[in-house]
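Q: Please take a close look at one part of this model, the place where two of its helices pack against each other, and then work outwards from there to the surroundings.

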Amino acid sequence: MWTPGHFIGGHPALDLTNAVFTRDMPNDDNELLKSSRDVGNWLHFVGLATQAQATAICGIAAPAFMESVWELREASFSIFDALAAGKPPVPEALGLLFKQAAKGLSTGRLKLEETKAAPRIEHVANAEAVIAFLATVAIEAYFVLPRERLHACPRCGWLFLDTSRGGKRRWCSMQTCGNREKVARHKQQADRK
């Protein structure tokens, strides 16, 4: 299900916020993370979990797991979308990330690596540990991503970090939204003639 086109954010926290078909005009089936299997596979594809860890995560059957994943993703989106627009983040959304990360650290389900702030899941088959891990990834992004390079695609609303040399990247992907925008403009110009 996952392809490189799903991972254009430039950071796993941004890619998580983009785990929907579109942000601007969502349809009834907009969700890309529908089950723990999707979450496990997403974590493996983005490089945050080994295949064995992803398989364990795919087996999480806790009823509230997906609700927590969606809540965390939407809180992360509201934070990074605000930053991309040059606004301060919603304090409640940031508070949710800190609360979930703290819960994982205080219960020992999440450990920090010795020489860096990167988290490591101690109990990969535990729903709270995975949520804490995702929250910690988003918190790290909040503090380290250059805000002037954080953008939202004007066509689909996906978030991305502009890593282009001149800092002029406009679209999440030229192959999708950029081309669609060019086609739409061409059609408008043809309709005017």
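A: **The contact of helix 4 with helix 6**

On the helix 4 side, the residues that take part are Phe65, Ser68, Val69, Leu72, Ser76, Ile79, Phe80 and Leu83, and they meet Ala127, Val130, Ile131, Leu134, Ala135, Ala138, Ala141 and Tyr142 of helix 6. Sorted by class, this contact holds 14 nonpolar and 2 polar residues, with no charged residues. The two helices pack at an angle of about 5°, and their axes are 10 Å apart. Because angles under 35 degrees count as roughly parallel, helix 4 is roughly parallel to helix 6.

The model is a predicted one, and a word on confidence therefore belongs here. The mean pLDDT of the protein is 87, and 86% of its residues reach 70 or more. Among the elements of the protein, helix 4 has the highest mean pLDDT, 97, whereas helix 7 (residues 174-192) has the lowest, 63.

One residue of this contact can be followed further. Alanine 141, which lies in helix 6, has a relative accessible area of 1%, and it is therefore buried, given that buried means under 20%. Not counting residues up to four places away in sequence, alanine 141 touches His11, Ala13 and Phe80, and Phe80 is also one of the helix 4 residues named in the helix 4 and helix 6 contact. Alanine 141 and leucine 14 are 127 residues apart along the chain, while their C-alpha atoms are separated by 8.3 Å.

Isoleucine 131, another helix 6 residue in the contact, offers a link to helix 5 (residues 91-106), where lysine 103 is found. The C-alpha atoms of lysine 103 and isoleucine 131 are separated by 9.4 Å, with their positions 28 residues apart along the chain. Lysine 103 itself is partly exposed, its relative accessible area being 32%.

Both helices of the pair also take part in covering another element. Helix 2 (residues 36-46) has Ser36, Asp38, Val39, Gly40, Trp42, Leu43 and Val46 buried, and what covers these buried residues includes helix 1 (12-17), helix 3 (51-58), helix 4 (65-84) and helix 6 (127-144). Just after helix 2, glycine 47 takes a positive phi of about 90°.

Helix 4 residues are also involved with the loop between helix 1 and helix 2, in which arginine 23 lies. The side chain of arginine 23 makes a polar contact, at 2.7 Å, with the side chain of glutamate 74. Leaving aside neighbours within four places in sequence, arginine 23 is in contact with Thr17, Arg73, Glu74, Phe77, Cys156, Gly157 and Trp158. With a relative accessible area of 16%, arginine 23 is buried. Asparagine 30 lies in that loop between helix 1 and helix 2 as well, and asparagine 30 is likewise buried, at a relative accessible area of 12%. Its contacts, again leaving aside neighbours within four places in sequence, are with Val20, Phe21 and Thr22.

From here the path leads to the strands. Proline 154 lies in the loop between strand 3 (150-152) and strand 4 (159-161), and at 45% relative accessibility it counts as partly exposed. Proline 154 is in contact with Asp24, Arg170 and Trp171, once neighbours within four places in sequence are left aside. For proline 154 and aspartate 24, a separation of 130 residues in sequence goes with a C-alpha to C-alpha distance of 8.4 Å. Further along, serine 173 is found in the loop between strand 4 and helix 7, and it is buried, with a relative accessible area of 13%. The C-alpha atoms of serine 173 and glycine 5 are separated by 7.9 Å, although these residues are 168 apart along the chain.

Placed in the whole, these parts belong to a protein of 7 helices and 4 strands, arranged along the sequence in the pattern α-α-α-α-α-β-β-α-β-β-α. Of its 193 residues, 45% count as buried. Among contacts between residues at least 6 apart in sequence, 56% join residues at least 24 apart, and the contact of proline 154 with Asp24, across 130 residues in sequence, is one example of such a long-range pair.

Key:
Residues are numbered from 1 along each chain as its sequence is written. This is a predicted model: local features need pLDDT of at least 70, side-chain atom pairs count only at pLDDT 80 or more; totals for chains, interfaces and linings use all residues. Side-chain values use heavy atoms; hydrogens and water are left out. Buried means under 20% relative accessible area, exposed over 50%, partly exposed in between (1.4 Å probe, protein chains only). Contact means heavy atoms within 4.5 Å. pLDDT is the predictor's confidence in each residue, from 0 to 100. Axes are lines fitted to C-alpha atoms, for helices over the stretch in contact, and angles run from 0 to 180 degrees between N-to-C directions. Angles under 35 degrees count as roughly parallel, over 145 as roughly antiparallel, 65 to 115 as roughly perpendicular and the rest as oblique. Ala, Val, Leu, Ile, Met, Phe, Trp, Tyr, Cys and Pro count as nonpolar, Asp, Glu, Lys and Arg as charged, and the others, Gly among them, as polar. A polar contact is a pair of N or O atoms within 3.5 Å; within protein, one must be able to donate a hydrogen and the other to accept it, and residues adjacent in sequence count only if both atoms are side-chain atoms.
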